[in-house]
Amino acid sequence: LFENQIEELQRNIEVEVQRVAAGDPRLEISGVQVFPQENGILVQLQLTIVSTTTAEILSLFFDLQQRRATYI
(Lines give C-alpha, C1' and ligand atoms only; values in the text may rest on other atoms or scores of the structure.)
Protein backbone atom coordinates (compact mmCIF):
# COMPACT_ATOMS: atom_id res chain seq x y z
CA LEU A 1 0.00 0.00 0.00
CA PHE A 2 2.84 2.40 0.74
CA GLU A 3 4.33 2.16 -2.76
CA ASN A 4 4.12 4.61 -5.65
CA GLN A 5 0.52 5.30 -6.62
CA ILE A 6 0.23 3.73 -10.05
CA GLU A 7 -2.74 2.18 -11.83
CA GLU A 8 -1.43 -1.35 -11.38
CA LEU A 9 -1.16 -0.81 -7.62
CA GLN A 10 -4.72 0.53 -7.53
CA ARG A 11 -5.98 -2.54 -9.39
CA ASN A 12 -4.04 -4.83 -7.03
CA ILE A 13 -5.68 -3.12 -4.04
CA GLU A 14 -9.14 -3.63 -5.59
CA VAL A 15 -8.46 -7.33 -6.19
CA GLU A 16 -7.10 -7.85 -2.67
CA VAL A 17 -10.04 -6.08 -1.01
CA GLN A 18 -12.49 -8.23 -2.99
CA ARG A 19 -10.55 -11.39 -2.12
CA VAL A 20 -10.51 -10.64 1.61
CA ALA A 21 -14.17 -9.56 1.69
CA ALA A 22 -15.20 -12.72 -0.16
CA GLY A 23 -14.02 -14.68 2.87
CA ASP A 24 -16.86 -13.25 4.97
CA PRO A 25 -20.16 -14.91 3.99
CA ARG A 26 -22.15 -12.09 5.66
CA LEU A 27 -20.97 -9.47 3.14
CA GLU A 28 -21.59 -8.95 -0.55
CA ILE A 29 -19.25 -6.47 -2.24
CA SER A 30 -20.82 -4.88 -5.29
CA GLY A 31 -18.07 -2.39 -6.02
CA VAL A 32 -14.58 -1.29 -5.04
CA GLN A 33 -13.03 1.98 -6.11
CA VAL A 34 -9.52 3.19 -5.35
CA PHE A 35 -8.60 6.85 -5.66
CA PRO A 36 -5.14 8.34 -5.22
CA GLN A 37 -5.25 11.33 -2.90
CA GLU A 38 -2.67 13.97 -2.08
CA ASN A 39 -1.28 12.15 0.96
CA GLY A 40 -2.54 8.61 0.42
CA ILE A 41 -5.16 6.36 -1.08
CA LEU A 42 -8.94 6.41 -0.62
CA VAL A 43 -10.71 3.04 -0.90
CA GLN A 44 -14.49 3.02 -1.25
CA LEU A 45 -16.49 -0.19 -0.95
CA GLN A 46 -20.13 -0.60 -1.82
CA LEU A 47 -21.31 -3.46 0.34
CA THR A 48 -24.50 -5.15 1.46
CA ILE A 49 -25.09 -7.30 4.51
CA VAL A 50 -26.42 -10.53 2.98
CA SER A 51 -29.61 -10.66 5.06
CA THR A 52 -30.60 -7.12 3.95
CA THR A 53 -31.10 -5.27 0.68
CA THR A 54 -29.64 -1.91 1.67
CA ALA A 55 -26.25 -1.09 0.16
CA GLU A 56 -23.82 1.06 2.12
CA ILE A 57 -20.62 2.84 1.15
CA LEU A 58 -17.58 2.25 3.35
CA SER A 59 -14.76 4.75 2.82
CA LEU A 60 -11.27 4.15 4.17
CA PHE A 61 -8.38 6.55 3.80
CA PHE A 62 -4.84 5.22 3.98
CA ASP A 63 -2.58 8.14 4.91
CA LEU A 64 0.92 7.63 3.58
CA GLN A 65 2.50 10.38 5.69
CA GLN A 66 1.09 9.25 9.03
CA ARG A 67 1.09 5.56 8.03
CA ARG A 68 -2.40 4.89 9.34
CA ALA A 69 -5.88 4.16 8.05
CA THR A 70 -9.04 6.04 9.03
CA TYR A 71 -12.72 5.41 8.45
CA ILE A 72 -14.40 8.35 6.73
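Turn on the surface first: the accessible area of the protein comes to about 5,300 Å², and carbon and sulfur atoms hold 49% of it. Keep in mind that you're looking at a predicted model. Of the 72 residues in the protein, 25% are buried.

Now switch to a C-alpha trace and line up the view with the principal axes. The C-alpha atoms fill a box of roughly 40 × 25 × 15 Å.

Next, go to cartoon and colour by secondary structure. You should pick out 1 helix and 4 strands, and walking along the sequence gives you α-β-β-β-β.

**Stop one: the helix.** Select residues 7-22, which is helix α1. What does α1 lie across? Show β1 and β2 as well, and there's your answer: α1 lies across both, running at about 155° to β1.

**Stop two: the whole sheet.** Hide the helix and select the strands. They make an open sheet in the order β1-β2-β3-β4, with antiparallel pairing. Which strands sit at the edges? Those are β1, residues 27-37, and β4, each of them pairing on one side only. Look at how the strands cross: neighbours in this sheet are turned by 20° against each other on average, ignoring direction. If you turn on side chains here, remember that in a regular strand they alternate between the two faces of the sheet.

**Stop three: the β2-β3 hairpin.** Select residues 40-49 for β2 and 55-63 for β3; the two run antiparallel and are joined by 9 bridges. The hairpin they form has 5 residues between the strands. For a pair to zoom in on, try I41, whose bridge partner in β3 is F62.

**Stop four: the β3-β4 hairpin.** Keep β3 and add residues 68-71, which are β4. How many bridges link β3 and β4? There are 4, again in the antiparallel sense. Click on F61 and look straight across: T70 in β4 stands opposite. Then move to the turn, where 4 residues separate the strands of this hairpin. Select R67 there and check its backbone: phi is positive, at about 55°.

**Stop five: charges.** Bring back the whole chain and colour the charged side chains by sign. You'll be looking at 5 positive and 10 negative charges, and their mean positions are 7 Å apart.

**Last stop: contacts across the chain.** Display contacts between residues with a sequence separation of 6 or more. Residues 24 or more positions apart account for 25% of these.

Key. Residues numbered from 1 in each chain as written. Predicted model: local features only at pLDDT ≥ 70, side-chain atom pairs only at ≥ 80, totals over all residues. Heavy atoms only, no water. Pairing = 2+ DSSP bridges. Buried < 20%, exposed > 50% of the residue type's maximum accessible area, 1.4 Å probe, protein only. Contact = heavy atoms within 4.5 Å. Areas by Shrake-Rupley, 256 points an atom, 1.4 Å probe, with all protein chains shown as cover. Lys, Arg positive; Asp, Glu negative; His and termini not counted. Charge placed at Lys NZ, Arg CZ, Asp CG, Glu CD. Axes fitted to C-alpha atoms, helices over the stretch in contact; angles between N-to-C directions.
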